[in-house]
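Got your viewer ready? Load the model, colour it however you like, and follow along stop by stop.

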Amino acid sequence: MDQLAALLDGPRARGAFLLRSILDPPWSLRIQDEAPLSVVTQVRGESWITFDGAEPVRLQAGQVAVVRGPEPYTVADDPATAPQIVIHPGQRCTTVDGEALYQSMDLGVRTWGNDRDGQTVLLTGTYTMEGEVSRRLLDALPRLIVQPGGPLATLMGAEIVKDEPGQEAVLDRLLDLLLIAVVRAHFAANEAPGWYRAMGDPVVGKAMRLLHNDPARPWTVASLAAEVGVSRASLARRFTELVGEPPMAFLTGWRLALAADLLREPGATIGSVARKVGYGSPFALSAAFKRVRGVSPQQHRAGAAS
């Protein structure tokens with residue numbers, strides 16, 4: 001597993017909110033759903049995405065926007081169009097005065113809008129949870145990425161209106177693939193974070209994958225260096241230069257991120273989580289968790305449930 005694969009284990013689409021919107025101008029949606037990540041595909045027409053205080057960004061047919069939350073933003077037919085509809089947490093839809101709208105604008109299977117023959121067609125996929133394991137990746141993304149959608153966007157448009165057995169799983173996986181394609185294209189065209197570039201290094205990339213794939217193993221710098229075929233000093237120096245932190249610090253962060261996600265799972269105990277992420281006892285995990293994150297595993301789990 002690498003950091004892009006980890007994205008699919010963090011805000012992975014599991015019953016993600018997916019909707020096709022058909023709209024005729026003038027229209028303007030104020031998005032304040034606080035979602036960590038949304039993917040907006042422009043199928044027909046054009047839209048403008050505007051964060052408060054920032055310049056509007058145009059989204060043309062065939063393009064895909066990845067929007068990193070939780071800050072509110074506006075999607076409209078024109079930057080000058082005042083918001084008419086507000087999208088709240090839980091995808092609750094109202095007028096600006098708070099009147100519920102979703103039922104009155106229902107146009108069929110996963111389809112919503114103000115005109116069945118509207119000039120604009122948008123596909124929106126919203127990830128509703130942020131996983132700890134993907135925070136490093138999410139933190140590396142700008143608030144807005146716009147890239148060509150390609151065949152995956154076309155396929156998503158065809159699949160989103162189907163109502164067949166297993167369709168939710170199909171759409172979830174398509175959304176994940178579309179997201180990864182856009183993120184890869186963005187990093188290829190822009191300055192990628194150090195850990196992403198390090199994945200392509202024959203030594204450090206292999207070491208990172210070993211740590212990702214087997215965090216419970218009692219790793220040391222020496223054992224990791226032996227696995228990748230270099231000296232301990234060489235690995236430590238090269239890993240720190242490319243990733244920005246030493247191998248064992250990286251491993252600690254990865255283990256605790258995994259633990260933070262696992263602690264949210266029903267029935268998980270601190271002991272069972274400790275074993276899965278490489279700590280010899282619940283006490284050892286609790287001590288590391290509190291030292292690095294400032295809260296105990298119990299406090300973290302209670303906060304996630306509230």
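Before selecting anything, a convention for angles: under 35 degrees counts as roughly parallel, over 145 as roughly antiparallel, 65 to 115 as roughly perpendicular, and the rest as oblique. The axes are lines fitted to C-alpha atoms, for helices over the stretch in contact, and angles run from 0 to 180 degrees between N-to-C directions. Helices (H or I, at least four residues) and strands (E, at least two) are DSSP runs, numbered from the N terminus.

This is a predicted model, so local features need pLDDT of at least 70 and side-chain atom pairs count only at pLDDT 80 or more, while totals for chains, interfaces and linings use all residues. Residues are numbered from 1 along each chain as its sequence is written, and side-chain values use heavy atoms, with hydrogens and water left out.

**Stop 1: two helix pairs**

Select residues 270-277 and 282-293, which are helix 10 and helix 11. Their axes come within 8 Å and cross at roughly 80°, so helix 10 and helix 11 are roughly perpendicular to each other. Now show side chains: which residues meet here? From helix 10 come Ile270, Gly271, Val273, Ala274 and Val277, and they meet Pro282, Leu285 and Ser286 of helix 11. Contact here means heavy atoms within 4.5 Å.

Keep helix 11 on screen and add helix 9, residues 247-262. This pair packs at an angle of about 105°, with axes 11 Å apart, which makes helix 9 roughly perpendicular to helix 11. On the helix 9 side, look for Thr252, Leu256, Ala257, Ala259 and Ala260; on the helix 11 side, for Leu285, Ala288, Phe289, Val292 and Arg293. Leu285 is also among the helix 11 residues that meet helix 10.

**Stop 2: strand 2**

Jump to residues 28-31, strand 2. Start with leucine 29, which lies in this strand. Is leucine 29 buried or exposed? At 7% relative accessibility, leucine 29 counts as buried; the cut-offs are under 20% relative accessible area for buried, over 50% for exposed, and partly exposed in between (1.4 Å probe, protein chains only). Not counting residues up to four places away in sequence, leucine 29 touches Leu23, Tyr73, Thr74, Val75, Ile85 and Trp112. Then put a distance label between the C-alpha atoms of leucine 29 and valine 86: 57 residues apart along the chain, they are separated by 5.8 Å.

Isoleucine 31 is in strand 2 as well, and is buried with a relative accessible area of 9%. Leaving aside neighbours within four places in sequence, isoleucine 31 is in contact with Pro72, Tyr73, Val75 and Ile87. For a long label, pick isoleucine 31 and glutamate 227: they are 196 residues apart in sequence and 48 Å apart in space, C-alpha to C-alpha.

**Stop 3: serine 38**

Next, select residues 37-44, strand 3, where serine 38 lies. Serine 38 counts as buried at 3% relative accessibility. Beyond residues up to four places away in sequence, serine 38 touches Ala65, Val66, Val67, Tyr73, Gly125 and Thr126.

**Stop 4: backbone oddities in the loops**

Which residues does a cis peptide bond join? Proline 25 and proline 26 are one such pair, with omega about -5°; proline 26 is in the loop between strand 1 (17-23) and strand 2. Glycine 69 and proline 70 are also joined by a cis peptide bond, with omega about 5°, and proline 70 is in the loop between strand 6 (63-68) and strand 7 (73-76).

Now check phi. Glutamate 34 is not a glycine, yet has a positive phi of about 65°. Find glutamate 34 in the loop between strand 2 and strand 3, where it counts as exposed at 54% relative accessibility. Arginine 110, also not a glycine, has a positive phi of about 50°. Arginine 110 is in the loop between strand 10 (106-108) and strand 11 (111-113), and is partly exposed with a relative accessible area of 22%.

**Last stop: zoom out**

Reset the view to take in the whole chain. Its secondary structure comes to 12 helices and 13 strands, and the C-alpha trace spans about 65 × 45 × 40 Å along its principal axes. Of the 306 residues, 48% count as buried. Among contacts with a separation of 6 or more, residues 24 or more positions apart account for 71%.
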